[in-house]
Amino acid sequence: MESRMNNLSYADLCKGLLDTGAHICSFKSFEYTPSEHFLYDIKNINPSRKYITFRHDVDHDPLAALKMGTIENKLGITSTFFILKSNDNVPLNNWWTQRPYDFVQILKQLQSMNHEIGLHYDFMGDYFSGNLQAAQKLR
């Protein structure tokens, strides 16, 4: 799969955000505690500072994620990359098992750059594609 990402424009975007004085970070940078009024409060933030949390869904182009993670790493940015593992019978998701590269190695490379890896689960995709056993396990 050829990436549609333009490295120069993404690097410029990141630099522009950093130039505003914002701190760009991953989800793991914060301490989350249960809250009376919200699901969670974030405890360890400075209210006078700008924060941007980068999160990326790496559903169909892990190589683009690696490029983005490398650009971010060079700029001192950490972010969170979410992967989607779903039913291999869904054509858009079968890159997990039918890939010309080592996807796990890409995730390890992202982790070695201090990025966080999260997992998405596509309950509805499994349910409607006929993978009822996987969907029923979550009931």
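What span should the 13 residues of helix H2 have at 1.5 Å a residue, and how far apart are its end C-alpha atoms? In this predicted model, helix H2 covers residues 62-74 and should span 18 Å, and its end C-alpha atoms do lie 18 Å apart, so expectation and model agree. A good part of this helix is also hidden from solvent: the buried residues of H2 are Pro62, Ala64, Ala65, Leu66, Met68, Gly69, Ile71 and Glu72. After the helix comes Gly76, a residue with a positive phi, near 80°.

Stepping back to the whole chain, five helices and seven strands are present. Read from the N terminus, these elements follow the order α-β-β-β-β-β-α-β-α-β-α-α. The chain has 139 residues, and 32% of them count as buried. Among contacts with a separation of 6 or more, 70% link residues that are 24 or more positions apart. The area exposed by the chain is about 9,100 Å², with carbon and sulfur atoms supplying 54% of this area.

Ser26 offers a helpful place to look at such contacts in detail. This serine sits in the loop that connects strand S1 (23-25) with strand S2 (32-34). Ser26 has a relative accessible area of 0% and is therefore buried, as the cut-off for that class is under 20%. Leaving aside residues up to four places away in sequence, Ser26 touches Thr53, Thr78, Ser79, Thr80 and Glu116. Ile52 can be added to the picture through its C-alpha distance: Ser26 and Ile52 are 26 residues apart in sequence, while their C-alpha atoms are 8.5 Å apart in space.

Strand S2, at the other end of that loop, contains Tyr32. The relative accessibility of Tyr32 is 36%, so this residue counts as partly exposed. On the surface, Tyr32 joins Ile42 and Ile45 in a nonpolar patch. Together, the three residues of the patch have about 250 Å² of accessible area.

Turning to charged side chains, the structure holds one salt bridge. The partners are Asp57 and Arg55, and their closest N and O atoms are 3.4 Å apart. Both residues fall between the buried and exposed classes: Asp57 is partly exposed because its relative accessibility is 44%, and Arg55 is partly exposed as well, with a relative accessible area of 40%.

Cysteines close the survey. The structure holds zero disulfides. Cys14 has a relative accessibility of 0% and so counts as buried. Cys25 is buried too, with a relative accessible area of 1%. Cys25 is thus on the buried side of the cut-off, which is under 20%.

Definitions and conventions. Residues numbered from 1 in each chain as written. Heavy atoms only, no water. Helix = DSSP H or I, 4+ residues; strand = E, 2+ residues; numbered from the N terminus. Buried < 20%, exposed > 50% of the residue type's maximum accessible area, 1.4 Å probe, protein only. Contact = heavy atoms within 4.5 Å. Patch = residues over 30% accessible without salt bridge, like charges linked within 9 Å, V, L, I, M, F, W, Y side chains within 5 Å. Areas by Shrake-Rupley, 256 points an atom, 1.4 Å probe, with all protein chains shown as cover. Salt bridge = Lys/Arg side-chain N within 4 Å of Asp/Glu carboxyl O. Expected span 1.5 Å × (residues − 1). Disulfide = S-S within 2.5 Å.
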